[in-house]
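Open the model in your viewer and keep the selection panel at hand. The stops below go one selection at a time.

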Amino acid sequence: MILRRATLDDLAAIVAVDRDHGVAPRTEWLRRRIDRSECVLAIVDGDLAGFLVADDAFFDRTFVRLVVVAHKHRRRGVANALVADAESRARTPTVFSSSNRSNTAMHALLRARGWVESGVIEGLDELDPEIVFRKRVR
Ligand SMILES: CC(C)(COP(=O)(O)OP(=O)(O)OC[C@H]1O[C@@H](n2cnc3c(N)ncnc32)[C@H](O)[C@@H]1OP(=O)(O)O)[C@@H](O)C(=O)NCCC(=O)NCCS
């Protein structure tokens, strides 16, 4: 597996993996993230297996905004490698992330990596609150 920073040449492939996850197209949002060097890719056998977007915009802390792995590459450690990389590059001693309460896969991944719950944000997704996680990385 190779991890590397995304470039705008990767945008179409990233959007395809994102669609595979089933969300509405967010091409412009992803383009801005690539432009700001906030998007890292995991490449497996030349294939875009997954990507991670992180920034420092959460109370000035490093925040993992999004991790998506293509269906055919799941449960092979791709997200684990992307999150480990984000932790190692974090600009702040504590890293944060959040995802819906229903997202048991992401929460299992974070807990397995030593992340702990940091609180709940109600009112974003009416029936599925956002659970905030954090990890002290240094
Ligand atoms: C969540 C997601 C990123 C996990 O990616 P992945 O590459 O399959 O995860 P990994 O293979 O690195 O899994 C590492 C560990 O996380 C946990 N895990 C991952 N997926 C899981 C699942 N579906 N159910 C339970 N535990 C899971 C396990 O502990 C796993 O270790 P194991 O395979 O040895 O049991 C992937 O399912 C995905 O893209 N989901 C849709 C997008 C999303 O919801 N992203 C998170 C919101 S930001």
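In which pocket does the ligand sit? The ligand sits in the largest pocket. Keep in mind throughout that this is a predicted model.

**Stop 1: the ligand and its shell**

Select the ligand and show the residues around it. There are 18 of them, and V67, V69, R75, G77 and N103 are the closest. Sorted by class, this shell holds 10 nonpolar, 4 polar and 4 charged residues.

Now colour the model by secondary structure. Three elements each supply at least two residues of the shell: β4 (61-69), α3 (78-89) and α4 (104-112). Of the elements, β4 gives the most, with 5 residues.

**Stop 2: polar atoms facing the ligand**

Show the atoms of N103, V69 and R74 as sticks. In N103, a polar side-chain atom lies 2.7 Å from an oxygen atom of the ligand. At V69 the partner is in the backbone: a polar backbone atom is 2.8 Å from a ligand oxygen. For R74, look at the side chain, where an N or O atom is 3.3 Å from an oxygen of the ligand.

How much of the ligand does the protein bury? Taken alone, the ligand exposes 920 Å², and the protein buries 73% of that.

**Stop 3: the largest pocket**

Hide the ligand and look at the space that holds it. The largest pocket contains about 900 Å³ of space. Its lining consists of 30 residues; select V67, V68, N103, A105 and M106 to find those nearest the pocket's centre. The elements that give two or more residues to this lining are β4, α3, β5 (94-100) and α4. The largest share, 7 residues, comes from β4, the strand that also gives the most to the shell around the ligand. By class, the lining of the largest pocket has 14 nonpolar, 10 polar and 6 charged residues.

**Stop 4: the second largest pocket**

Next, select R5, A54, D55, R89 and R91. Among the 15 residues that line the second largest pocket, these are the closest to its centre. The volume of this pocket is about 190 Å³.

Which elements give two or more residues to the lining of the second largest pocket? They are β2 (39-44), β3 (47-58) and α3. The most comes from β3, with 4 residues. By class, the lining here has 6 nonpolar, 2 polar and 7 charged residues.

To finish, select α3, which gives two or more residues to the lining of the largest pocket and likewise to that of the second largest.

Methods:
Residues numbered from 1 in each chain as written. Predicted model: local features only at pLDDT ≥ 70, side-chain atom pairs only at ≥ 80, totals over all residues. Heavy atoms only, no water. Near = heavy atom within 4 Å. Polar contact = N/O pair within 3.5 Å; in protein donor to acceptor, adjacent residues only side chain to side chain. Areas by Shrake-Rupley, 256 points an atom, 1.4 Å probe, with all protein chains shown as cover. 1 Å grid on protein atoms, 1.4 Å probe; cavity = no way out; pocket = protein on both sides within 12 Å on 5 of 7 lines; lining within 4 Å. Sits in = over half its atoms within 2 Å of the grid points. Nonpolar A, V, L, I, M, F, W, Y, C, P; charged D, E, K, R; others polar. Points joined across faces, edges and corners; volume = space filled by probe spheres on them.
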